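Welcome! Here is a short tour of how two chains sit together. Take a look at the structure, then read on.

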Number of protein chains: 2
Amino acid sequence: MSQIPRVLVAPTPQPLVVEAVRQAGGEVVSDAADATALVWLEWDDKEGIRDVLRPEMTWVQLPAAGVDAWLELGVIDAARTWTTASDAFAHPVAEHALALLLATARKLPDAARATSWDRSAVVGTSLRGKTVAIIGAGGIGRALMGMLAPLGVEVIAVNRSGRAVEGAARTLPTERRSEAWAAADAVVLSAPATPDTLRMIDADALAAFRPGALLVNIARGTMVDADALLHALDAGTLGAAALDVTDPEPLPDGHPLWHHPRVLVTPHTATPNDVIVPTIAALVGENVARLRDGRELRGVVEIERGY
Amino acid sequence: MSQIPRVLVAPTPQPLVVEAVRQAGGEVVSDAADATALVWLEWDDKEGIRDVLRPEMTWVQLPAAGVDAWLELGVIDAARTWTTASDAFAHPVAEHALALLLATARKLPDAARATSWDRSAVVGTSLRGKTVAIIGAGGIGRALMGMLAPLGVEVIAVNRSGRAVEGAARTLPTERRSEAWAAADAVVLSAPATPDTLRMIDADALAAFRPGALLVNIARGTMVDADALLHALDAGTLGAAALDVTDPEPLPDGHPLWHHPRVLVTPHTATPNDVIVPTIAALVGENVARLRDGRELRGVVEIERGY
């Protein structure tokens, strides 16, 4: 059913997003009471959205790729359509995963901390001919696969169905993901946060990793048991870890992950600030146009699936 | 003219290389006096090769991508064919350039040095939609272009002839390379070391760079004026620099490049150790086969060109 949405952009009427709504043929309103749709641009105060949400709003666009926090708080209800920015952020997040993967393979964190010319301490390895397991072959995982293709990497993809992912040498269903641990030189976590992925990288998983394997997490910190991770690093079974997400997050000062020589932490910066607003603006424009045309929206949250 | 080469692998008869010569149908000899070809596997003592070189050797394989040091010492003569490992190392070196480019864009060196969660200090940018100038569109530059393609980067290629490089949005001849400075968000140096590229990144060049631009050097340290570089970083005109090569090299302890917050130095590790020998072995095998078949060798040095 097509409609001209009356969109509230809140809590701040970000000009680029407002303009995108208008360009796509939507109407922009400034009062929640007049709105049939909401674009919510607040990342920290997850519950603030309750103050503006009205029953008349049939579509809410959230500003993040992962909406697990809003789901857990019960903010996301079945009374309307909710969309995430997951697809839209797939490219920049995959680029960050690639940066972290190459940085750990090439020992760039060690180089960044070095103050003396010592090749033996800093020389890494090439990814060519290596096997990378991508846990969660959604938008981010598939974008990463495209970026890895010219590097001569063999990819093992893990997804819910196990249906073959194009470009992957092998695809495993979630319940067989542990087969990927021993087969991969590097493991990238790009799955949505669900009960099934909670602490999936625990002591057992890490014990099955190849000696010297790399771990990259750009998904959610809660997927990795940090104590087990530190233990595996010290035991020498894990080569290095690069984490854009941590548990807890923000990672508190003095946490051992800040000081481990083979850990690189980026403070949830996979989607750089200068990318966020233009990307969301483009996505909002697209979804407004889809709504007008009566087409399915992009990035619809499936509550029962959990993302 | 085809021949079965009698190859000396020196100063050490590296088993993988010896095996590659045999597999390709060459003969392996252990005395320089019996050899018609030399595979030279010594990186530090550049003149040591003089002790084993004999007039009967019609082909010498050197173990490096850049052979400027051997050329300057007059080791490389016109009496025989000399080949470099330039093509063979193109992929790993390009991979390192990609790693350095992504690391500086994503501020990973800052993250590696951080001990506290501070997004504002560490958030970088995405390369998508950015322009990267690749100075020297030989094997390394072209391999890098292939790796940048899925990242949505626009490439300006600079080569001697200015003949359009496939995949580049624009190709400039060397004499017009300064046009690339103001047009690029990042500049990658992947040219051979010649009098023409000596100190090409000087104060004038850096002054023409876009504010906040990134510089990656995986070619030769002598192409960059380090004083001018440090000045441009402090003046804020240059965003960050990642250098796999320095001048002098090794970079001495206490050099300001070791301590600048926006500089990342890797100690000439673009071709990782574990890649060097297998890659040279494969190249030697290929060149032995080409020699047997009377075909042109791969990576032939042109003395008058300087690489």
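## Two matching copies

Chain A lands on chain B after a rotation of 180 degrees with 0.0 Å of shift along its axis, at an RMSD of 0.0 Å (a least-squares fit on the C-alpha atoms of residues with pLDDT of at least 70 in both). This is how a two-fold axis relates copies.

The model is predicted, so local features need pLDDT of at least 70 and side-chain atom pairs pLDDT 80 or more, while totals for chains, interfaces and linings use all residues. Residues are numbered from 1 along each chain as its sequence is written, chains are lettered from A in the order in which they are written, and side-chain values use heavy atoms, leaving out hydrogens and water.

## Where they meet

Chain A and chain B each bring 53 residues to the contact (heavy atoms within 4.5 Å). Of the interface residues of chain A, 100% are also interface residues in chain B, so the copies meet through the same surface.

About 4,600 Å² is buried between the chains, with 62% from carbon and sulfur atoms (accessible area lost on being put together, 1.4 Å probe, summed over both). In chain A, the residues losing the most area to chain B are A:Glu95, A:Arg106 and A:Trp117, together 18% of what that side buries.

## Charged partners

There are 2 salt bridges between chain A and chain B (a side-chain nitrogen of Lys or Arg within 4 Å of a carboxyl oxygen of Asp or Glu). A:Glu95 pairs with B:Arg106 in a salt bridge, at 3.1 Å from N to O.

## A leucine to look at

B:Leu98 touches residues of both chains, including A:Leu98, A:Leu102 and B:Leu148.

Note on methods
Buried area is the accessible area (1.4 Å probe) that two parts lose on being put together, summed over both. Lists of a residue's contacts leave out its neighbours within four places in sequence.
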